[in-house]
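The following note sets out points for the file on this structure. It begins with a single residue and its surroundings, and then turns to charged pairs, the surface and the overall fold.

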Amino acid sequence: MHQLSVVIITYNEEHNIARCIESVREIADDIVVVDSLSTDNTKHIATSLGARVIDQKFLGHIEQKNFAITQAKHPFVLSLDADEALDDTLKASIKQVKENKDADGYSMNRLTNYCGKWIRHCGWYPDTKLRLWDSTKGRWTGINPHDRYEMDQGATIRHLKGDILHYSYYTIDDHHRQISYFTDIASKALFKEGVRPGLVKMYLSPVMRFIKNYIIQLGFLDGYYGFVISKLSASATFIKYKKLRMLYENA
């Protein structure tokens, strides 16, 4: 039986953290929460549910998740965000992996709940994620805030049945606030990389994003919220590039 550590990074997640931890308690041999100095009850809730809580000032999404891995007791790691939980099918799949580990990493689908509705289009599903792995054979990479886990060359990966349940936004205002936050981070990361968006890209990319999400990826089948998601995703693309241009103008 392979021992499993579950790692979760948090900041003011008192509304989500209990659901996340409860969903993994029967499969986890170790639960570690790396908290970015929350000011709410996140740490108290996590501790009361048996998690080890480690304070760490936020280093960046990628950096914080890599740090969290170093705090795990076991090299076999499942990484979740606080607003995520495992469905029963995925828990059963992970139990089987613990008994018979036959790959270095395991991917799984993620199903997102938006304002109370499960979104199955807009490019939001299956939203495959690599979240379970031998942590000695990979690392978090990407451009903040869009992190991804990358396995070493030659590592084997298998897909598991079941979904990560992602409780993303409770209100549309939550989505607006996240767009503001993420576009700040993304524009600064692109600026650091030397990316220079032209006016054509800044204005055309949002249009193409809407067409892709709403029409090509069948967002219209998700009804009203499919339209909202597609519209806000397009808006986020424009805001990101606008903020990036402003960084160059003020440099």
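1. The model is predicted. Arg-110 lies in strand β6, which covers residues 105–114. The relative accessible area of Arg-110 is 11%, and the cut-off for a buried residue is under 20%; Arg-110 is therefore classed as buried.

2. The side chain of Arg-110 makes a polar contact with the side chain of Asp-127, at 2.9 Å. Once neighbours within four places in sequence are set aside, the residues in contact with Arg-110 include the acidic residues Asp-81, Glu-84 and Asp-127. Lys-129, Arg-131 and His-166 are also among its contacts, as are Trp-124, Tyr-125, Pro-126 and Ile-164.

3. Which residues share a network of salt bridges with Arg-110? The network links Arg-110 with Lys-65, Asp-81, Glu-84, Asp-127, Lys-129, Arg-131 and Asp-147. Several of these names, among them Asp-81, Glu-84, Asp-127, Lys-129 and Arg-131, also occur in the contact list of Arg-110.

4. Within this network, Asp-81 deserves a separate entry. Asp-81 forms a salt bridge with Lys-65, and the closest N and O atoms are 3.1 Å apart. This pair connects distant parts of the chain, since Asp-81 belongs to strand β4 (residues 76–81) and Lys-65 to helix α3 (residues 61–70), with their positions 16 residues apart. Both Asp-81 and Lys-65 are buried.

5. Asp-81 also takes part in a salt bridge with Arg-131, with an N to O distance of 4.0 Å. Here strand β4, which holds Asp-81, is linked to strand β8 (residues 129–134), which holds Arg-131; the two residues are 50 residues apart. Arg-131 is buried, as is Asp-81. The 4.0 Å value may be read against the salt-bridge criterion, which is within 4 Å.

6. A further salt bridge joins Lys-95 and Glu-26, whose closest N and O atoms are 2.7 Å apart. This pair too links distant parts of the chain: Lys-95 is in helix α4 (residues 88–99), whereas Glu-26 is in the loop between α1 (17–24) and β2 (30–35), 69 residues apart. Are the two partners buried or exposed? Lys-95 is partly exposed, at a relative accessible area of 36%, and Glu-26 is likewise partly exposed, at 48%. A search of the whole structure returns 20 salt bridges.

7. On the surface, Val-200, Leu-204, Val-207, Met-208, Ile-211, Ile-215 and Ile-216 make a nonpolar patch of about 660 Å². One of these residues, Val-207, is located in helix α6 (residues 199–216). Val-207 has 44% relative accessibility and so counts as partly exposed. For the protein, the accessible surface is about 12600 Å², and carbon and sulfur atoms account for 52% of that area.

8. The protein contains seven helices and eleven strands. Its C-alpha trace spans about 55 × 40 × 40 Å along the principal axes. The radius of gyration is 19 Å, which agrees with the value near 18 Å for a compact globule of 251 residues.

9. Of the 251 residues, 49% are buried. Among contacts with a separation of 6 or more, 73% are between residues 24 or more positions apart. The Lys-95 and Glu-26 pair, 69 residues apart, and the Asp-81 and Arg-131 pair, 50 residues apart, are individual examples of links between distant parts of the chain.

Note on methods. Residues are numbered from 1 along each chain as its sequence is written. This is a predicted model: local features need pLDDT of at least 70, side-chain atom pairs count only at pLDDT 80 or more; totals for chains, interfaces and linings use all residues. Side-chain values use heavy atoms; hydrogens and water are left out. Helices (H or I, at least four residues) and strands (E, at least two) are DSSP runs, numbered from the N terminus. Buried means under 20% relative accessible area, exposed over 50%, partly exposed in between (1.4 Å probe, protein chains only). A polar contact is a pair of N or O atoms within 3.5 Å; within protein, one must be able to donate a hydrogen and the other to accept it, and residues adjacent in sequence count only if both atoms are side-chain atoms. Contact means heavy atoms within 4.5 Å. Patches are made of residues with over 30% relative accessible area and no salt bridge: like charges are joined within 9 Å, nonpolar side chains (Val, Leu, Ile, Met, Phe, Trp, Tyr) within 5 Å. Accessible areas come from the Shrake-Rupley method with a 1.4 Å probe; for residues, only the protein chains shown count as cover. A salt bridge is a side-chain nitrogen of Lys or Arg within 4 Å of a carboxyl oxygen of Asp or Glu. The radius of gyration is taken over C-alpha atoms; the globule rule is 2.2 Å times the number of residues to the power 0.38.
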